[in-house]
Amino acid sequence: MKPRLARCDETAALWRIRNLAIRHGCQTVYPADVIAAWTPDTLPLGYFEAVKSNPFYVIDDPEHGVAATGFLDLHSGSVEAIFTLPACIGKGYASAIMQAIIDEAKKRGFSQLTLAATPNASSFYQRHGFSVVREALYPSALAQADLACVEMVRDL
């Protein structure tokens, strides 16, 4: 399983993975109405731009096709959108994407990575060398709410 760069024509499928992962993984963290607002089926234009303008990685699963996503935001130096289809959790896909992002950041000369994790995902990032900076609220325009998050950092 080797991450590859996403193609722009896959953007709708990547958005679907994001939504399914949030709906599955965050159901004990955020209220159902917030999750519903945060995961609209309609693809926002900004997501297409993220895929087009950043190193946006995916992993293909033999049974499910594109099954995991994640990217390095080149503007902010942050890790974004690491999501795995619920049916593919536990196969190491997110870890492989995380490593690809770390390698890409090093190659581009970043000295540090940041991210804002949902509380249910913070232990995943800690296993990959990230440290907790603080608990915070992330203002989400999509969710129309301030989402609890864990701000994290990793030196490279």
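## Salt bridges, folds and contacts in a predicted protein chain

In this predicted model, Glu104 and Lys107 are joined by a salt bridge whose closest N and O atoms lie 3.5 Å apart. Both residues belong to helix α4, which covers residues 93-107. They are three residues apart in that helix, which means that about one helical turn separates them. The two partners differ in their surroundings. Glu104 is buried, with a relative accessibility of 9%, whereas Lys107 is exposed at 66%.

### The chain as a whole

The protein chain contains five helices and seven strands. From the start of the sequence to its end, these elements follow the order β-α-α-α-β-β-β-α-β-α-β-β. The C-alpha trace spans about 40 × 35 × 30 Å along its principal axes. How does the radius of gyration of the protein chain agree with that of a compact globule? A compact globule with 156 residues would have a radius of gyration near 15 Å, and the protein chain has 15 Å, so the two agree.

Of the 156 residues, 46% are buried. The chain exposes about 8100 Å², and carbon and sulfur atoms supply 52% of this area. Contacts can also be sorted by separation in the sequence. Among contacts between residues at least 6 apart in sequence, 61% join residues at least 24 apart.

### Charges and salt bridges

The protein chain carries 14 positive and 16 negative charges, and the mean positions of the two groups are 5 Å apart. Side chains of opposite charge can pair when their charged atoms come close. Across the whole structure, a search finds 10 salt bridges. The table gives three of them, including the pair described at the start.

| Salt bridge | Closest N to O distance |
|---|---|
| Glu10 and Arg4 | 2.5 Å |
| Arg23 and Asp41 | 3.2 Å |
| Glu104 and Lys107 | 3.5 Å |

In the pair of Glu10 and Arg4, Glu10 is buried, with a relative accessible area of 8%. Arg4 is partly exposed, with a relative accessible area of 22%. These residues also take part in a wider arrangement: Arg4, Arg7, Asp9, Glu10 and Asp60 are linked in a network of salt bridges.

Where in the chain do Arg23 and Asp41 lie? The side chains of these residues meet in a salt bridge, and the pair links distant parts of the chain, 18 residues apart. Arg23 is in helix α1 (residues 11-25), while Asp41 is in the loop between α2 (32-38) and α3 (45-53). Arg23 is partly exposed at 34% relative accessibility, and Asp41 is exposed at 66%.

### Two residues with positive phi

Most residues other than glycine have a negative phi. Ala81 has a positive phi of about 60°, although it is not a glycine. Gln144 also has a positive value, near 55°.

Which of the opposite words, buried or exposed, fits Ala81? Ala81 counts as buried, because its relative accessible area is 15% and the limit for buried residues is under 20%. Ala81 is part of strand β4, made up of residues 78-84. Gln144 is instead found in the loop between β6 (131-140) and β7 (145-155). Gln144 is exposed, with a relative accessible area of 70%.

### Ile102 and His128

Helix α4 also holds Ile102. Ile102 is buried, with a relative accessibility of 1%. Which residues does Ile102 touch, not counting those up to four places away in sequence? They are Leu113, His128, Arg154 and Leu156. The C-alpha atoms of Ile102 and Gln112, which are 10 residues apart along the chain, are separated by 9.4 Å.

His128 lies in the loop between α5 (122-127) and β6. At 17% relative accessibility, His128 is buried. Leaving aside neighbours within four places in sequence, His128 is in contact with Ser95, Met98, Ile102 and Arg154. Ile102 and His128 are 26 residues apart along the chain, and their C-alpha atoms are separated by 9.6 Å. Arg154 appears among the contacts of Ile102 and also among those of His128.

How values were computed
Residues are numbered from 1 along each chain as its sequence is written. This is a predicted model: local features need pLDDT of at least 70, side-chain atom pairs count only at pLDDT 80 or more; totals for chains, interfaces and linings use all residues. Side-chain values use heavy atoms; hydrogens and water are left out. Helices (H or I, at least four residues) and strands (E, at least two) are DSSP runs, numbered from the N terminus. The radius of gyration is taken over C-alpha atoms; the globule rule is 2.2 Å times the number of residues to the power 0.38. Buried means under 20% relative accessible area, exposed over 50%, partly exposed in between (1.4 Å probe, protein chains only). Contact means heavy atoms within 4.5 Å. Accessible areas come from the Shrake-Rupley method with a 1.4 Å probe; for residues, only the protein chains shown count as cover. Lys and Arg count as positive and Asp and Glu as negative; His and the chain ends are not counted. The place of a charge is taken as NZ of Lys, CZ of Arg, CG of Asp or CD of Glu. A salt bridge is a side-chain nitrogen of Lys or Arg within 4 Å of a carboxyl oxygen of Asp or Glu.
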